[in-house]
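Biologist: I am new to this model. Please take me through one part closely, with enough background to place it.

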Amino acid sequence: MELADIRERLEIRRAAIAGSVFDDVDMTGAAFTNARLAAASFADADMSGARFGDVNLSGASIENANMTGMTINGVTVSALFAAYEAAGKG
């Protein structure tokens, strides 16, 4: 199924969307709860303010991302990178 040029709020429940492609989408403030997105692809997506809870990110890859203010378990990603570099890993 293809959705294009949608300008409305979507509620997707009990859907299998693994392997889906999200390209040039505004997902500002979106909430992903109990979402199974295995092999999904996000490109040119604005996910600022999005919330992910109880997620499995094993094997996930993030590239060319603006992570300003992003936190993981309450710790900013910039602090995690700084600690990594200070430990001589970077």
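What percentage of the 90 residues of the protein chain count as buried? And what can be said about the loop between strand 4 (51-53) and strand 5 (71-72), where Ser61 has its place?

Modeller: Of the 90 residues of the protein chain, 6% count as buried (under 20% relative accessible area; exposed is over 50%, partly exposed in between; 1.4 Å probe, protein chains only). This is a predicted model, in which local features need a pLDDT of at least 70 and side-chain atom pairs count only at pLDDT 80 or more, while totals for chains, interfaces and linings use all residues. Residues are numbered from 1 along each chain as its sequence is written, and side-chain values use heavy atoms, with hydrogens and water left out.

Confidence comes before the loop. The protein chain has an average pLDDT of 90 (the predictor's confidence in each residue, from 0 to 100). A score of at least 70 is reached by 99% of the residues. Among the elements, strand 2 (residues 31-33) has the lowest mean pLDDT, 89. The highest, 96, belongs to strand 6 (residues 75-76). Where pLDDT is low, predicted coordinates should not be read in detail.

Now the whole chain. The protein chain holds one helix and six strands (DSSP runs, numbered from the N terminus: H or I of at least four residues for helices, E of at least two for strands). Read from the N terminus, the order is β-β-β-β-β-β-α. So the six strands come before the helix. Along the principal axes, the C-alpha atoms fill a box of roughly 45 × 20 × 20 Å. Take the contacts (heavy atoms within 4.5 Å) with a separation of 6 or more. Residues 24 or more positions apart account for 0% of them.

The surface is next. The protein chain exposes about 8,000 Å² (Shrake-Rupley method, 1.4 Å probe). Carbon and sulfur atoms supply 49% of that area. The chain carries 7 positive and 12 negative charges (Lys and Arg against Asp and Glu; His and the chain ends are not counted). Their mean positions are 12 Å apart, with each charge placed at NZ of Lys, CZ of Arg, CG of Asp or CD of Glu.

With that in place, go to your loop. Gly59 lies between strand 4 and strand 5. Gly59 counts as exposed because its relative accessibility is 81%. Its C-alpha atom is 21 Å from that of Thr76, 17 residues away along the chain.

Ala60 is found in the loop between strand 4 and strand 5 too. At 51% relative accessibility, Ala60 counts as exposed. The C-alpha atoms of Ala60 and Ala38 are 8.8 Å apart, although 22 residues separate them along the chain.

Then comes Ser61, which sits in the loop you asked about. Ser61 is exposed because its relative accessibility is 56%. Its side chain joins that of Glu63 in a polar contact of 3.2 Å (a pair of N or O atoms within 3.5 Å, one able to donate a hydrogen and the other to accept it within protein; residues adjacent in sequence count only if both atoms are side-chain atoms). Ala86 is 25 residues from Ser61 along the chain, and their C-alpha atoms are separated by 23 Å.

Asn64 also lies between strand 4 and strand 5. With a relative accessibility of 83%, Asn64 counts as exposed. Its backbone deserves a look. Phi of Asn64 is positive, near 50 degrees, and Asn64 is not a glycine. Most residues other than glycine have a negative phi.

Another loop offers a second case. Asp24 is in the loop between strand 1 (21-23) and strand 2. Asp24 is not a glycine, yet has a positive phi of about 55 degrees. Its relative accessible area is 57%, so Asp24 is exposed.

One last stop lies outside the loops. Arg7 is in the segment before strand 1. Arg7 is exposed because its relative accessible area is 73%. Its C-alpha atom is 14 Å from that of Asp46, 39 residues away along the chain.
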